[in-house]
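Student: Could you take a close look at the salt bridges in this one for me? I'd like the cut-offs spelled out, and then some of the surroundings.

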Amino acid sequence: MLIELLSRTAKIPEAKLVSLAESASRRYKVYTIPKRTGGERVIEHPSRELKAIQRWIVRALISRFPLHESATAYRKGTGIRENAERHRKTKFTNRYDFASFFPSFSQARVVQYIGEQAKAVGIDLSERDLEFIGNIVCRNGRLTIGAPSSPAITNAMMFEFDRRMHEDCHAKGLVYTRYADDLFVSSFEPGQLDGIEKVIVKNKRGISHLRLRLNHQKTAYLSKKYRRVITGVVITPQHTLSIGRERKREVKALIHKWIKGDIDPTNFYYMRGLFSFAIDIEPEFEKRLAEKYGAARIRQLRSADHDFPIGLI
């Protein structure tokens, strides 16, 4: 059913779709990027054609599966700011990380989960459909960092874990969110976060499609007394959200280079992304930038889309 529907929608012969799925693991560009904490992260980026089919599968199928409100990454209406906002009024936060998060989801477990959930929402998928989906969304038998389908699939597959964590934390008066592989649990009083790691281990037990393992080296204990950083957003001791002094200095330095005409396209688009992030977290920062560099320049920076403008002189 699914292959036939995709064939009609995309006007691609079924035989070509099946052939593409069978060779999908070879249709990736593999490269590394540096991690913020040191070392390198492997990115497996699918070809344009493969990426389009992955996105179609998300829209047509995965988007119908339940997601828990505690999952804040890669969803409309939530994101980095919302994730931090939910912890803003708390005083203490523990951060936990799952090791090798996306690759821990094997193709066999992904296919099993999708088959079960499709049936639950009234979608009939054949064995041929399920094999096709598994080959399209996985590379060499697992999910990858770089495929647009991976975040949506993992969010869905984490639903039961997120539900358990939310209920346990809510019963204790704690705040729980998950941003991809990062878990955040916050409290309003000291001592309430003792034993949370055992709660995590308990709640992932017995969920057959999960093989999660905590990366203990990345566990962090944050408190109001010091700077709390949650998904790159600083929660100040005054319970406000900030991008932090270092990020502000970086934004200003990049804008200065842009105004002088001394910035290349790569850094320009990085600057625009950082600028958008900054004013989303701290709207007042845009006003201070306008006062420093001129309102016209900041408007130009905000409105620049696909072109590569030089700052107004």
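Tutor: Let's go straight to Glu49 and Lys16: they form a salt bridge, with the closest N and O atoms 3.8 Å apart. The term here means a side-chain nitrogen of Lys or Arg within 4 Å of a carboxyl oxygen of Asp or Glu. Glu49 sits in helix α3 (residues 48-60) and Lys16 in helix α2 (residues 14-22), so the pair ties together parts that are 33 residues apart in sequence. Helices (H or I, at least four residues) and strands (E, at least two) are DSSP runs, numbered from the N terminus. Glu49 has 31% relative accessibility and counts as partly exposed, and Lys16 is partly exposed too, at 47%. For those labels, buried means under 20% relative accessible area, exposed over 50%, and partly exposed in between, using a 1.4 Å probe and protein chains only.

Before going on, some ground rules: this is a predicted model, where local features need pLDDT of at least 70 and side-chain atom pairs count only at pLDDT 80 or more, while totals for chains, interfaces and linings use all residues. Residues are numbered from 1 along each chain as its sequence is written, and side-chain values use heavy atoms, with hydrogens and water left out.

By the salt-bridge rule the count comes to 16. Another one joins the side chains of Lys248 and Glu282, at 3.2 Å from N to O. Lys248 lies in helix α10 (residues 245-259), whereas Glu282 is in the loop between α11 (265-281) and α12 (283-293), so this pair ties together parts 34 residues apart in sequence. Here Lys248 counts as buried at 19% relative accessibility, and Glu282 is buried at 13%.

Then there's Glu286 with Arg302, whose side chains meet in a salt bridge at 2.7 Å, N to O. That pair links distant parts of the chain, with Glu286 in helix α12 and Arg302 in helix α13 (residues 295-303), 16 residues apart. Arg302 is partly exposed, at 45% relative accessibility. There's a network as well: Glu160, Arg163, Arg164 and Glu167 are linked by salt bridges.

That brings us to helix α8 (residues 159-171), which lies across β4 and β5 and runs at about 155 degrees to β4. For angles like that, axes are lines fitted to C-alpha atoms, for helices over the stretch in contact, and the values run from 0 to 180 degrees between N-to-C directions. Underneath the numbers is an open sheet of four strands, ordered β4-β5-β3-β6 with antiparallel pairing. β4 (175-179) and β6 (220-223) are at the edges with a single partner strand each, so one side of each is left without a neighbour in the sheet. From one strand to the next, the twist averages 20 degrees. Strands pair if DSSP finds at least two bridges between them; β4 and β5 (residues 182-187) run antiparallel and are joined by five. Tyr179 stands opposite Asp182 in β5.

For a different kind of polar interaction, try Ser104, in the loop between β3 (92-97) and α5 (107-120). Ser104 is buried, with a relative accessible area of 14%. A polar atom of the Ser104 side chain lies 2.6 Å from the backbone oxygen of Phe101. Leaving out residues up to four places away in sequence, Ser104 touches Arg109, Arg211 and Leu212, where a contact means heavy atoms within 4.5 Å. Glu40, in strand β2 (residues 40-46), is exposed, at 57%. With the same sequence neighbours left out, Glu40 touches Thr32, Ile33, Pro34 and Lys35.

What about the nonpolar side? In soluble globular proteins, nonpolar side chains tend to be buried together. A nonpolar core is a set of buried Ala, Val, Leu, Ile, Met, Phe, Trp, Tyr and Cys residues joined through side-chain atoms within 4.5 Å. The largest one has 55 residues, of which Leu61, Ile62, Phe132 and Phe161 touch the most other members. Apart from it lies another core, of 30 residues, among them Ile235, Leu241, Leu254 and Ile259.

Zooming out, the protein has 13 helices and nine strands, and buried residues make up 47% of its 313 residues. Among contacts between residues at least 6 apart in sequence, 70% join residues at least 24 apart.

Methods
A polar contact is a pair of N or O atoms within 3.5 Å; within protein, one must be able to donate a hydrogen and the other to accept it, and residues adjacent in sequence count only if both atoms are side-chain atoms.
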